[in-house]
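Let's walk through this structure together, one question at a time. Keep the viewer open as you read.

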Amino acid sequence: LRGHTGSTFSKNRNRLKVISTSSDETVQIWDVKTGAQEHSLDGHTSVTFGLAVSMDGRRIVSGARDGRIIIWDADTKEIIRCLSHHTDDVNCIQFSPDEKRFASASFDGTLKIWDAETEELVFDTDDHQDKVWTVAYSPKGSKIASGSYDQTVRIWNAATGKQQTQPLSHGDAIRSIVWSPDSRCLIS
């Protein structure tokens, strides 16, 4: 796929589209069959990293180095809202399974949970001692796991934001986490 300048990060989307973020400060929408760039979403003023797409394909949420999150209308390609609560890179964004909320992980050391309809901040946590790189909702949506450069995974109650376990320690930074389908195992 040609159209970005610099590094590209991609996510799959329903209806055979690829949506990507890049160091060129844009979000791009691509046709999978042809490889053609369909749209460029311009609105960020710094490198884009984090990316999530709602399951119905109506909303795209992107995060950037400057800490801004932009919520886009996927049909009109217009900005719905800009959120400026983070103060550093927003590296990972994920919708809850019911899509009522979404989570954002940032190098500012916070994990923030947002109401997906009102775009209001529901709660945030700053318990990590370093950059938060990744976030994942459990398949049932009752838990959220976050991974950090502080070499820990933390598990949160998705409704209250309260930490549910002691931090799970690793020997290095946590860059990726995924729940098993039955929510009984977390892989990091």
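**Cores, sheets and loops**

The largest nonpolar core has twelve residues, namely C92, A103, A105, L111, I113, F123, V132, V135, Y137, I144, W156 and A158.

Q: Which strand gives the most to this core?
A: The strands β10, β11 and β13 (132–137) each supply at least two residues of the core. With three residues, the strand that gives the most is β13.

Q: How many residues does the other core have?
A: This other core lies apart from the largest one, and among its residues are V61, I69, I93 and W114. Its residues number eleven.

Q: What is the average pLDDT of the protein?
A: This is a predicted model, so a look at confidence is a friendly place to pause. Over residues 6–14 the pLDDT stays under 50, and the model has 26 contacts beyond four places in sequence for that stretch. Still, 92% of the residues score at least 70, and the protein averages a pLDDT of 91.

Q: Which residues of the largest core are in contact with W156, leaving aside its neighbours within four places in sequence?
A: The contacts of W156, with those neighbours left aside, include T125, D127, S142, K143, S146, G161, K162, Q163 and Q164. The list also holds two names that belong to the largest core. These are L111 and I144.

Q: Why is one side of β9 and of β12 left without a neighbour in the sheet?
A: The open sheet of four strands has the order β9-β10-β11-β12, with antiparallel pairing. In that order β9 (90–95) and β12 (121–125) stand at the edges, so one side of each is left without a neighbour because each has a single partner strand.

Q: By how many degrees are neighbouring strands of the sheet β9-β10-β11-β12 turned against each other on average?
A: The strands of this sheet pair in the antiparallel sense. The average turn between neighbours ignores direction, and its value is 15 degrees.

Q: What is the bridge partner of S104 in β11?
A: Strand β10 (residues 101–106) pairs with strand β11 (residues 111–115) in the antiparallel sense, over five bridges. In β11, the partner of S104 is K112.

Q: Is S96 buried or exposed?
A: S96 lies in the loop between β9 and β10. Leaving aside its neighbours within four places in sequence, S96 is in contact with R101, F102 and Y137. Because its relative accessibility is 6%, and the cut-off for burial is under 20%, S96 counts as buried.

Q: What separates the C-alpha atoms of S96 and L121 in space?
A: Along the chain the two are 25 residues apart. In space, their C-alpha atoms are separated by 14 Å.

Q: Which residue in the loop between β9 and β10 has a phi near 60 degrees?
A: Most residues other than glycine have a negative phi. Here the value is positive, in a residue other than glycine. At 13% relative accessibility this residue counts as buried, and its name is E99.

Q: Where does Q151 lie?
A: Q151 is not a glycine, yet it has a positive phi of about 70 degrees. At 31% relative accessibility, Q151 counts as partly exposed. Its place is the loop between β14 (143–148) and β15 (152–157).

Q: What is the bridge partner of S146 in β15?
A: An open sheet of four strands has the order β13-β14-β15-β16, with antiparallel pairing. Its edge strands are β13 and β16 (168–169), each pairing on one side only. Five bridges join β14 to β15, and the partner of S146 in β15 is R154.

Q: Which residue in the turn of the β3 and β4 hairpin has a positive phi?
A: Strand β3 (residues 26–31) pairs with strand β4 (residues 37–42) in the antiparallel sense over five bridges. In β4, D42 is the bridge partner of T26. The hairpin has five residues between its strands, and the one with a positive phi of about 80 degrees is G35.

Q: Which residue joins its side chain to that of K17 in a polar contact?
A: K17 lies in strand β2 (residues 17–22). At 17% relative accessibility, K17 counts as buried. The polar contact is 2.7 Å, and the partner is E38.

Terms used
Residues are numbered from 1 along each chain as its sequence is written. Side-chain values use heavy atoms; hydrogens and water are left out. Two strands pair if DSSP finds at least two bridges between them. Axes are lines fitted to C-alpha atoms, for helices over the stretch in contact, and angles run from 0 to 180 degrees between N-to-C directions. A nonpolar core is a set of buried Ala, Val, Leu, Ile, Met, Phe, Trp, Tyr and Cys residues joined through side-chain atoms within 4.5 Å. Buried means under 20% relative accessible area, exposed over 50%, partly exposed in between (1.4 Å probe, protein chains only). Contact means heavy atoms within 4.5 Å. pLDDT is the predictor's confidence in each residue, from 0 to 100. A polar contact is a pair of N or O atoms within 3.5 Å; within protein, one must be able to donate a hydrogen and the other to accept it, and residues adjacent in sequence count only if both atoms are side-chain atoms.
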